[in-house]
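Visitor: Hi! I have just opened this one and could use a hand finding my way around. Could you walk me through it?

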Amino acid sequence: MSTATVDERLLRTSVWKKLLSRPELGAVMGAVAVFVFFSFAADSFLRMSSLSTVLYAASTLGIMAVPVALLMIGGEFDLSAGVLVTSSALASSMFSYQMTANVWVGVFVSLLVTLGIGIFNGFMLTRTQLPSFIVTLGTFLMLTGLNLGLTKLISGTVQTKSIADMEGFSSAQTVFASEISIGGVNFKITILWWLALVALATWILLRTRWGNWIFAVGGNGDAARAVGVPVTKTRIGLYMAVAFGAWISGQHLLFSFARVQSGEGVGNELIYIVAAVIGGCLITGGYGSAIGSAFGALIFGMVSKGIVFAEWNADWYKFFLGAMLLLATLLNHWVRKRAEATK
Amino acid sequence: MAAVLGATITGCSSTGGKRAEDARKASAEAQGKAAVNTPRWTFAMVTHSGDGDSFWDIVQSGARQAAVKDNINFLYAHDDQAQQQAQLVQSYIDKKVDGLIVTLAKPDAMKGVMANAKKAGIPVITVNSGSAESKEFGALSHIGQDEEIAGEAVGEELTKRGRKKALCVLHEQGNVGHEQRCAGAKKTFKGDLQNLYVDGTNMPDVQAGIGAKLQADSAIDTVITLGAPFADAAVKAKKDAGSEAEVDTFDLNEDVARGLQAKTYGFAVDQQPYLQGYEAVDLLWLYRYNANVLGGGRPVLTGPQIITEKDAGALLEYTQRGTR
């Protein structure tokens, strides 16, 4: 028995190699590059108040990017996520107004409605075995129509009536849409929600059985089922997580502005997916991280506001975004190959 | 004969095209010098426009023209989602610009950042939409068209023309201003007016929607569209349906001016977008320079201006250079 034949699974890998094999590496590098770039390109970018605006933009996107990243690790899409945010805000606002209820009742009803839609998505997916692309495309269109149709039917116009003077509004505003002043600079509370969600999702992914299930379901659903992973429950749970994120974002929208525009949210679902992909999620599932999605959202926030600070023509914004997506994905791909080759 | 053939083969056109456009631009830019010696202030404009909207291009060209004259560094950004528009305004406040021009299409969403601008001591002028909220939110002036008044003007014009049954085509579901236009027209029109919703991002759908309605109800003698590009679709739909209805439209562009001349359209209602951009920048400059405020706390109206066949000839030239 010689000491040279240690089992390869017990071999110590260097810290460097460990870092290289992290899915969020590409996004972190990208975020640093974008930050340095705009620090030089835009003189007002480094002000604390500017950074607070950047963080706010990143957080409103990031709150949705976290559950969408989990869902993508689980191997599925949700194209209804963008309008679901609007649906959630509408449900809350219209229930409170029409029932003349304390707005917290509306907030709670909205949570049930939104989670219900999440369950519907998951249930349709697991029952019909159709691709999630098709199922959620259906829900996306149905929700877009419902948002407009129901709002017009109930409120008479295409936006909801203001609930700013109703009971519970100010306390709900404190929870979902207030500002916290640190050293004279105002930070939006959504940043806290975002960080909390990232921490929670990371803990679930890396430290719990549910996390293992998510990776297993996304890696190979049939194999996961064969070894006893509750595949159906995991998938439905993931859609409920997206719905939960949509609920927080929706309540933020409502309590920031007191009114909701029924036609908004279309197109945002793709931005969430982009943030998750930049953050290292594989489109085929089974790989990715929640922290990565946070850096993906941060890159978005920095680019969208950096272009304004740098006085560039905003017409080009989408082009930069697309280029960034391709670069980040290529970088991820390259890093992963290198990491696997040196194992 | 040989010369014509030669020109055709080499593919040159002696009229129109890029060359004519460049010549127009060169003559316009020749005069592009500041007329004042005030410091170079930075003014930013944030609108609720979608990507690539021709209306907002005209607003911008008005603002840029005034910016050149007033020695202003003019910045422009837009987003059709309320939250994003508010964030853009906040970015410019962070950037400490010297003046802000904002549209209040979704006023509740802009309330917070308007207050922030006030706190930061940045003067704000609202344009286009938000005449009701502008003063309350602390803006210096509002420059735009009251959508309801514009609609009422249309209703009156329709009555004057002896129309009986009109169709108001809304191309953007969820736009409050559009609803107000049709409601205003309904109020003053003596005949019957119905609303029709179509998907403005999908032209074939617009055409098919109007066509189907005209076929279903042959009593409709007028179609009103709320944007210039949709008037063209309405004319095509009318032909397909074999209807004799008159097509009238809100807003103006080159094709509408031509159409008015050719009597394809009855009349157009213009809100003079160029003026909204130009005046906003100029009034901010006046405020910075001389603390002048226009409007006396009431909206400064840039419309409605009813344009018929008579005016179309002169306006055609201006639409071609992108200022009307």
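Visitor: Into which domains is chain B divided?
Guide: This is a predicted model, and in it chain B splits into domain 1, made of 36–145 + 272–293, and domain 2, covering 147–270.

Visitor: What distance separates the centres of the two domains?
Guide: The centres of domain 1 and domain 2 of chain B, taken over C-alpha atoms, are 30 Å from each other.

Visitor: And how many residues are in contact there?
Guide: In chain B, 6 residues of domain 1 are in contact with 6 residues of domain 2. On the domain 1 side, the residues that touch domain 2 of chain B are 2 nonpolar, 4 polar and no charged.

Visitor: Let's zoom out. How many helices and strands are in chain B?
Guide: Chain B has 12 helices and 12 strands. Its radius of gyration is 22 Å, close to the 20 Å that the globule rule gives for 324 residues, so chain B is as compact as a globular protein of that length. The C-alpha trace of chain B spans about 60 × 60 × 30 Å along its principal axes.

Visitor: Now the sheets. In what order do the strands of the parallel one come?
Guide: That open sheet of chain B has 6 strands, in the order β2-β1-β3-β4-β5-β11, and the pairing is parallel.

Visitor: Which strands stand at its edges?
Guide: Those are β2 (72–78) and β11 (300–301) of chain B; each has a single partner strand, so one side of each is left without a neighbour in the sheet.

Visitor: Can you show me a pair from the middle of that order?
Guide: Try β3 (residues 99–103) and β4 (residues 124–128) of chain B, which run parallel and are joined by 4 bridges. Within β4(B), Val127(B) stands opposite Thr103(B).

Visitor: Which order does the sheet with mixed pairing have?
Guide: The order in that open sheet of 6 strands in chain B is β7-β6-β8-β9-β10-β12. At the edges stand β7 (192–197) and β12 (305–307) of chain B, each with a single partner strand, so one side of each is left without a neighbour. On average, neighbouring strands of this sheet are turned by 20 degrees against each other, direction ignored.

Visitor: In which sense do β10 and β12 of chain B pair, parallel or antiparallel?
Guide: Antiparallel, over 3 bridges, with β10(B) taking in residues 265–270. Here Asp270(B) stands opposite Gln305(B) in β12(B).

Visitor: What about helices against that sheet?
Guide: Helix α6 (residues 147–160) of chain B packs on the sheet and touches β6 (165–170), β8 (222–225), β10 and β12 of chain B. The direction of α6 makes about 155 degrees with that of β10(B). Helix α9 (residues 228–241) of chain B packs on the sheet too, touching β6, β8, β9 (246–250) and β10 of chain B, and its direction makes about 165 degrees with that of β9(B).

Visitor: Switching topic: how many residues does each chain bring to the contact of chain A with chain B?
Guide: Chain B gives 21 residues and chain A gives 26 residues. On the chain B side, β2, α4 (82–94), α5 (107–119) and α7 (176–188) each supply at least two residues. The most comes from α4(B), with 8 residues.

Visitor: And by class?
Guide: The chain B side that touches chain A has 7 nonpolar, 8 polar and 6 charged residues.

Notes. Residues numbered from 1 in each chain as written. Chains lettered and ligands numbered in written order. Predicted model: local features only at pLDDT ≥ 70, side-chain atom pairs only at ≥ 80, totals over all residues. Pairing = 2+ DSSP bridges. Domains from an automatic or database assignment. Contact = placed C-beta atoms within 7 Å. Nonpolar A, V, L, I, M, F, W, Y, C, P; charged D, E, K, R; others polar. Rg over C-alpha atoms; globule rule 2.2 N^0.38 Å. Axes fitted to C-alpha atoms, helices over the stretch in contact; angles between N-to-C directions.
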